[in-house]
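Q: Please give a close account of the N-terminal part of this protein. I should like its strand pairing described before its helical element, and then its relation to the rest of the chain.

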Amino acid sequence: MLPEVTATRYVTPLREGGSLPGIVEADDLGTYVMKFTGAGQGRKSLVAEVVCGRLAQRLGLRVPELVGIHLDPVVGLGEPDEEVQALLRASGGLNLGMDYLPGSLGFDPAGFGADPVLAGRVVWFDALIGNVDRSWRNPNMLVWHGDLWLIDHGASMIWHHNWPTAHSASAKPYDASDHALAPFSPDLAAAEQELAPKVTGDLLAEVVADVPDVWLADEPGFDGPDAVRRAYVEVLQERAASVGGRIVLGERRESRSRPPEWLRVWVEGKAAR
Ligand SMILES: Nc1ncnc2c1ncn2[C@@H]1O[C@H](COP(=O)(O)OP(=O)(O)OP(=O)(O)O)[C@@H](O)[C@H]1O
Ligand SMILES: [Mg+2]
């Protein structure tokens, strides 16, 4: 089960996140990045965070600790922003928290490399969960104390938005051409050899057991949360067995935008001085 804490203070919104995550303090004295059950992305993005985040941890990848956070919306009464107020009002009950990594920096390929083994592990893992949200435009990785940490798995496992077609959708190839770690020669063969055998039915069952029942209840076509859990296990297990052969690493589709002319002139002038 996911550890559960209670929010005691809403500190500030994290403006860079599309789902308007916020920083909160909780009764265990921890500080968390909180993803709200009332956000537009819906509770399935919280399920994806738990399934993929816990799976990554079990495979030896770094993901900050995940907790369930009970929220009483009165905690945010002092928050002046109306958008945040509305989000808090819509999110009473259980939300998702990720341990806040103070002083972490967003991954920048110009300043932080990754060796081929680590790059291979991350790309293979993202192929497994169908993560389209780790591109060089939006890497969703943090560097903290010199290590690479994975965050933001809410948009993964797109197939869980349409269970009747999930098995065929999950058999699709994974295009890693725009992946933030594609330039670091990911060793996919080594990653598959190491990680695929670890993704067993038992491991997946333990991982999906961490998803709170309230986020799995009333899923159309399923007879309760445990039946939904079994569906996640089946699709991920099938995918683990075959996805390695379907990872595409081609040319980047777009190049980074060029710096503006004034910046180029300024940088060159500075270098000449
Ligand atoms: N555990 C953490 N510790 C420190 N900073 C974090 C943590 N998690 C997220 N952040 C910061 O908050 C930002 C938004 O988080 P995240 O990407 O999870 O939100 P999101 O709403 O799903 O974002 P988007 O959909 O825009 O990628 C991150 O880019 C990062 O700067
Ligand atoms: Mg993000």
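A: Two strands are taken to pair if DSSP finds at least two bridges between them. The model under discussion is predicted. By this criterion, strand 1, residues 4-13, pairs with strand 2, residues 22-26, in the antiparallel sense, and 5 bridges link them. Within this pairing, Arg 9 stands opposite Glu 25 of strand 2. Strand 1 also pairs with strand 4, residues 66-71, here in the parallel sense and over 3 bridges. One position in that second pairing is Glu 4, whose bridge partner in strand 4 is Gly 68. Strands of a sheet may pair either way, parallel or antiparallel, through backbone hydrogen bonds.

The helical element is helix 1, which covers residues 43-58. Its 16 residues should span 22 Å at 1.5 Å a residue, and this agrees with the 23 Å between its end C-alpha atoms. Helix 1 is mostly covered, 13 of its 16 residues being buried. After helix 1 comes Gly 60, which has a positive phi, near 90 degrees.

These elements are best placed against the division of the protein into domain 1 (4-102) and domain 2 (106-143 + 159-248). The C-alpha centres of the two domains are 22 Å apart, and their contact takes 16 residues from domain 1 and 19 residues from domain 2. On the side of domain 1 that touches domain 2, helix 1 gives the most, with 11 residues. By class, that side of domain 1 has 11 nonpolar, 1 polar and 4 charged residues.

The nonpolar interior can be described in turn. The largest nonpolar core has 62 residues, and among those with the most contacts inside it are Val 47, Val 51 and Ile 69. Val 123, Ala 127, Leu 128 and Leu 236 also belong to that group with the most contacts. Domain 1 and domain 2 each supply at least three residues to this core. Leu 236, leaving aside residues up to four places away in sequence, touches Leu 128, Val 199 and Leu 204.

Beyond the N-terminal part, an open sheet of 3 strands has the order 6-7-8 with antiparallel pairing. Its edge strands are strand 6 (105-106) and strand 8 (147-150), each of which pairs on one side only. Strand 6 is joined to strand 7, residues 141-144, by 2 bridges, and Leu 142 in strand 7 is the bridge partner of Gly 106.

Notes
Residues are numbered from 1 along each chain as its sequence is written. Chains are lettered from A and ligands numbered from 1 in the order in which they are written. This is a predicted model: local features need pLDDT of at least 70, side-chain atom pairs count only at pLDDT 80 or more; totals for chains, interfaces and linings use all residues. Domain bounds come from an automatic or database domain assignment. Two residues are in contact if their C-beta atoms, placed from the backbone, lie within 7 Å. Helices (H or I, at least four residues) and strands (E, at least two) are DSSP runs, numbered from the N terminus. Ala, Val, Leu, Ile, Met, Phe, Trp, Tyr, Cys and Pro count as nonpolar, Asp, Glu, Lys and Arg as charged, and the others, Gly among them, as polar. A nonpolar core is a set of buried Ala, Val, Leu, Ile, Met, Phe, Trp, Tyr and Cys residues joined through C-beta atoms within 7 Å. A residue is buried if 20 or more other C-beta atoms lie within 10 Å of its own, exposed if 12 or fewer, and partly exposed in between; C-beta atoms are placed from the backbone. The expected span of a helix is 1.5 Å times one less than its number of residues.
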